[in-house]
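Welcome! Open your viewer, keep the selection tool handy, and follow along one stop at a time.

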Amino acid sequence: MEACADLGLDFVALYTAEDAASGHLDVARRLGGDKSLYRIHNYLDAGDILSVADESGATAIHPGYGFFSENYRFARRVTQRDRSMNFIGPSWEVIRDLGDKINTKRIARALGVPTVPGSDRAIYDELEAEAIAESLFEFQVKMGIKKPVVLVKASAGGGGMGIDECEDMARFRQTYRRIRNYSLRTFNDEGVLIEQRVFNFNHLEVQIVSDRSGTNPVHFGTRNCSVQSPGLQKRIEVAPGFWPEGLSYSFDAAKVLDDITGYSLSIAKEIKYDNVGTWEWIVTPNGEPFLMEVNTRIQVENGVSACIASVRGDRDVNLIREQIRIGLGEPLGYTQDDVSFDGVGIEYRLIAEDTTSGFAPWVGRIEELKWTGRDWVTMHTHVPLDRAYQIPTEYDPNLALAIIWGKDLAEAKQRGLEFLNDLKLNGADSAGQPMKSNIPFLIEKTANLLEF
């Protein structure tokens, strides 16, 4: 909504009964008036969403960070229906092609881009599966890995479903048959992927932006997303992905950052990527990068990349604004040479959760959310600041994003700790017990950011 206002575009905003008290309704009223708000039943009801689009006369749909953002069928429906609209994201063909992890790996390998060792297609034959597993165990032994592990995945799965690991061939045979049968029952496809299990890695990302021509992608740097919950949900993101200017690494960290941005751009050019997207990488302790996947959408952490970037010296970089602008057909208007970087950004995800009890969501009412305004901190939150807020249990208890900027890693960390220690986030559950949040966890993890 704020990006639309910056661009002089009218908008309509959706909400459900469950989040009718959210602060995003306040923003909609402030920037678009009451007429900009439409209530729907469910954010995953495509018919409901498209009905609002038709009633309001909308000409484009922005799918947000989740829900339909990587659903190529929804993107295709938006653009091919009788009253066609723009889908603010990549073209549906790109979403389809890069959303298929097997196809992404095949494209990467054809371009010489390193991927996690293993199969680049679904395996249906048990003897072939055993041969691949044996080669992966041998490869890991040659690399000096004392306890090699192979992952077995349902090729049609997703979201962590249908994945197990094994430490030897006897266990592999049992695991392969079980995952194959599970995949057939659950997804009606008994195809299986076999990959090396990589331990003790850092999770890095490359931010790519390209216009509808698909011929001129640029990158907006790297970020490190290694601070995660046990469920592998991100909690802190840092841009850039490593800090060789002030930290020592056992590998050439600057070269790794250059390599993964170059590799990411090569795939973007090959596939004719035509909006904003993120290339996700894992980097081993030896500095070996492996492409994991491509997220064909804007991500929550886009702002931490924007905060260290300039375009032709202009620090007012907003990647959601860029996404909408180029999604509506405007040319990118700049090249990689026009993009520069300065300083370090840290993004904290403030979440109502009990990090001492398995990061369990906390349910209750927020009575106070306050922070000290600084020119180096940006806060994005849907929590109303002028009234109490009951966290809806229907959605994840994400409360806010805080983006901190510093001229270097030391200053960014110092400012981050200052912000977290000053932040007032208070509330109580139905039994009157005080609110639990992940702030202590964020403070603890700030000490070792970007260290490997």
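Start by selecting L204 and N224: L204 stands opposite N224, which belongs to strand β9. Keep in mind as you look around that this is a predicted model.

**Stop 1: strand β9 and its partners**

Now widen the selection to strand β8, residues 202-209, together with β9. These strands pair in the antiparallel sense over five bridges. Is β9 mostly covered or mostly exposed? Ten of its eleven residues are buried, so to speak of it as mostly covered is fair by the definition of buried, under 20% relative accessible area.

Next, add strand β10, residues 234-239. β9 pairs with β10 as well, again in the antiparallel sense, over three bridges. To find one of the facing pairs, select Q228 and K234: Q228 stands opposite K234 in β10. β9 and β10 form a hairpin with five residues between the strands, and L232 takes a positive phi near 65° there. While you have strands on screen, here is a general point: in a regular strand the side chains alternate between the two faces of the sheet.

**Stop 2: the second largest pocket**

Stay with β9 and select helix α9, residues 253-271, too. Each of them supplies at least two residues of the lining of the second largest pocket. Which element gives the largest share of that lining? It is α9, with four residues.

The pocket has 16 lining residues, and T222, P240, E245, L257 and F341 lie nearest its centre. Color the lining by residue type and you should find eight nonpolar, five polar and three charged residues. The space inside comes to about 300 Å³.

**Stop 3: a trio of salt bridges**

The structure holds 40 salt bridges, so let us visit a few.

- Select R83 and D54. Their closest N and O atoms are 2.7 Å apart in a salt bridge. This pair links distant parts of the chain, with R83 in the loop between α4 and β4, D54 in helix α3, and their positions 29 residues apart. R83 counts as partly exposed at 32% relative accessibility, and D54 is partly exposed with 35%.
- Select D164 and R178. Here the closest N and O atoms of the salt bridge are 2.5 Å apart. D164 lies in strand β6 and R178 in helix α8, so the pair ties together parts that are 14 residues apart in sequence.
- Select E301 and R349. Their salt bridge has its closest N and O atoms 2.8 Å apart. E301 sits in the loop between β12 and α10, while R349 is in strand β15, 48 residues apart. Are these two residues buried or exposed? Both E301 and R349 are buried.

Keep E301 and R349 selected and add E205, R223, K234, E237 and E280: these residues are linked in a network of salt bridges. You have met K234 already, opposite Q228.

**Stop 4: a small sheet**

Move on to β18, β20 and β22. They make an open sheet of three strands in the order β20-β18-β22, with antiparallel pairing. The edge strands, β20 (389-390) and β22 (424-428), each pair on one side only. Two bridges join β18, residues 365-370, to β20. Select I366 and you will find Y389 of β20 opposite.

**Last stop: the cavity**

Finally, select T372, R374, W376, V377, E418, F419 and D422, which line the largest cavity. About 30 Å³ of space lies inside. Helix α12, residues 409-422, gives the largest share of this lining, three residues. The lining residues divide into three nonpolar, one polar and three charged.

Definitions and conventions:
Residues are numbered from 1 along each chain as its sequence is written. This is a predicted model: local features need pLDDT of at least 70, side-chain atom pairs count only at pLDDT 80 or more; totals for chains, interfaces and linings use all residues. Side-chain values use heavy atoms; hydrogens and water are left out. Two strands pair if DSSP finds at least two bridges between them. On a 1 Å grid over the protein atoms alone, a cavity is a set of points where a 1.4 Å probe fits but cannot get out, and a pocket is an open set with protein on both sides within 12 Å along at least five of seven lines; lining residues have an atom within 4 Å of a point. Grid points are joined across faces, edges and corners, and a volume is the space filled by probe spheres set on the points. Ala, Val, Leu, Ile, Met, Phe, Trp, Tyr, Cys and Pro count as nonpolar, Asp, Glu, Lys and Arg as charged, and the others, Gly among them, as polar. Buried means under 20% relative accessible area, exposed over 50%, partly exposed in between (1.4 Å probe, protein chains only). A salt bridge is a side-chain nitrogen of Lys or Arg within 4 Å of a carboxyl oxygen of Asp or Glu.
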